[in-house]
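Visitor: I've just pulled this one up on my screen. Could you walk me through it?

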Amino acid sequence: MLSFTDTQRFGVGLMGFGVFFLLFGILLYFDRVLLAFGNILFISGLPFIIGLRNTFHFFSQRQKLRGSSFLLGGIVLVLLRWPAIGMLCESYGLYLLFRSSLPLVSEFIANIPVLGLIFQLPVVGTVRCVSAPPPHVIPY
């Protein structure tokens, strides 16, 4: 069982409400107010969970600067009333930031009983194999 401090619980709440408002804003045909509010809540909840220094370190790593800039640019575009283009930029930025952990997430989801059946479909299996990075060979 995970134990969270009070500030981490507050951060989880902020991020949860942020995801809720983001999804609700997408369902309401890219409502810019809900998307902007969801972005602000989601981004403000992250430092409460992992800390301000770790948040800054994660987004300022050299290999993740492109993803961070696309994510920040997408948030700015949503705030400047371009919600569809902003969400596309945010999605691409999130993909760039978390693409190294996507194979781990797909393996985890494949082991879940009901969702694992979906991952056994030929189309999904092919996409999973293509999106996985090539195995690294470690020389001895």
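## A walk through the helices

Guide: Happy to. The protein has eight helices and zero strands, and keep in mind that the model is predicted.

Visitor: In what order do the elements run from the N terminus on?
Guide: There are zero strands to slot in, just eight helices. So the elements, read from the N terminus, go α-α-α-α-α-α-α-α.

Visitor: What share of the residues count as buried?
Guide: To count as buried, a residue needs a relative accessible area under 20%. The protein has 140 residues, and the share that count as buried is 26%.

Visitor: Are α1 and α2 roughly parallel or roughly antiparallel to each other?
Guide: Helix α1 covers residues 6-27 and helix α2 residues 32-50, and their axes are 7 Å apart. They pack at an angle of about 160 degrees. Angles over 145 degrees count as roughly antiparallel. The two helices, α1 and α2, are therefore roughly antiparallel.

Visitor: How many charged residues are in the contact of α1 with α2?
Guide: The crossing of this helix pair, α1 and α2, is left-handed. By class, their contact has 18 nonpolar and nine polar residues, and the number of charged ones is zero: no charged residues.

Visitor: Which residues of α2 make the contact with α3?
Guide: The axes of α2 and α3 cross at roughly 115 degrees and come within 6 Å. The residues of this contact divide into five nonpolar, two polar and no charged. On the α3 side sit L52, N54, T55 and F59, and on the α2 side L46, P47 and I50.

Visitor: Now the rings. Is the pair of F21 and F37 stacked or edge-to-face?
Guide: The structure holds seven aromatic pairs. For F21 and F37, the centres are 4.9 Å apart and the planes are at 75 degrees. Planes over 60 degrees apart count as edge-to-face, so the pair of F21 and F37 is edge-to-face.

Visitor: How many residues apart in sequence are the parts that F21 and F37 tie together?
Guide: F21 lies in helix α1 and F37 in helix α2. The pair therefore ties together parts whose separation in sequence is 16 residues.

Visitor: Is F37 buried or partly exposed?
Guide: Its partner F21 has a relative accessible area of 18%, so F21 is buried. For F37 the value is 41%, and buried means under 20% while exposed means over 50%. That makes F37 partly exposed.

Visitor: Which residues form one aromatic cluster with F21 and F37?
Guide: F21 and F37 form an aromatic pair, and they also belong to one aromatic cluster. The other members of that cluster are F20 and F24.

Visitor: Is the pair of F58 and F98 stacked or edge-to-face?
Guide: The ring centres of F58 and F98 are 5.6 Å apart. Their planes are at 25 degrees, and planes under 30 degrees apart count as stacked. So the pair of F58 and F98 is stacked.

Visitor: Where is F98, the partner of F58?
Guide: F58 is in helix α3 (residues 52-59), and at 17% relative accessibility F58 counts as buried. F98 counts as partly exposed, at 37%. The pair links distant parts of the chain, 40 residues apart, with F98 in helix α5 (residues 83-98).

Visitor: Is S106 buried or exposed?
Guide: S106 is placed in helix α6 (residues 102-110). With a relative accessibility of 15%, which is under the 20% cut-off, S106 counts as buried.

Conventions
Residues numbered from 1 in each chain as written. Predicted model: local features only at pLDDT ≥ 70, side-chain atom pairs only at ≥ 80, totals over all residues. Heavy atoms only, no water. Axes fitted to C-alpha atoms, helices over the stretch in contact; angles between N-to-C directions. Helix = DSSP H or I, 4+ residues; strand = E, 2+ residues; numbered from the N terminus. Parallel < 35°, antiparallel > 145°, perpendicular 65-115°, else oblique. Left-handed = near helix turned anticlockwise from the far one by under 90°. Nonpolar A, V, L, I, M, F, W, Y, C, P; charged D, E, K, R; others polar. Phe/Tyr/Trp six-rings, centres within 6.5 Å; stacked < 30°, edge-to-face > 60°. Buried < 20%, exposed > 50% of the residue type's maximum accessible area, 1.4 Å probe, protein only. Contact = heavy atoms within 4.5 Å.
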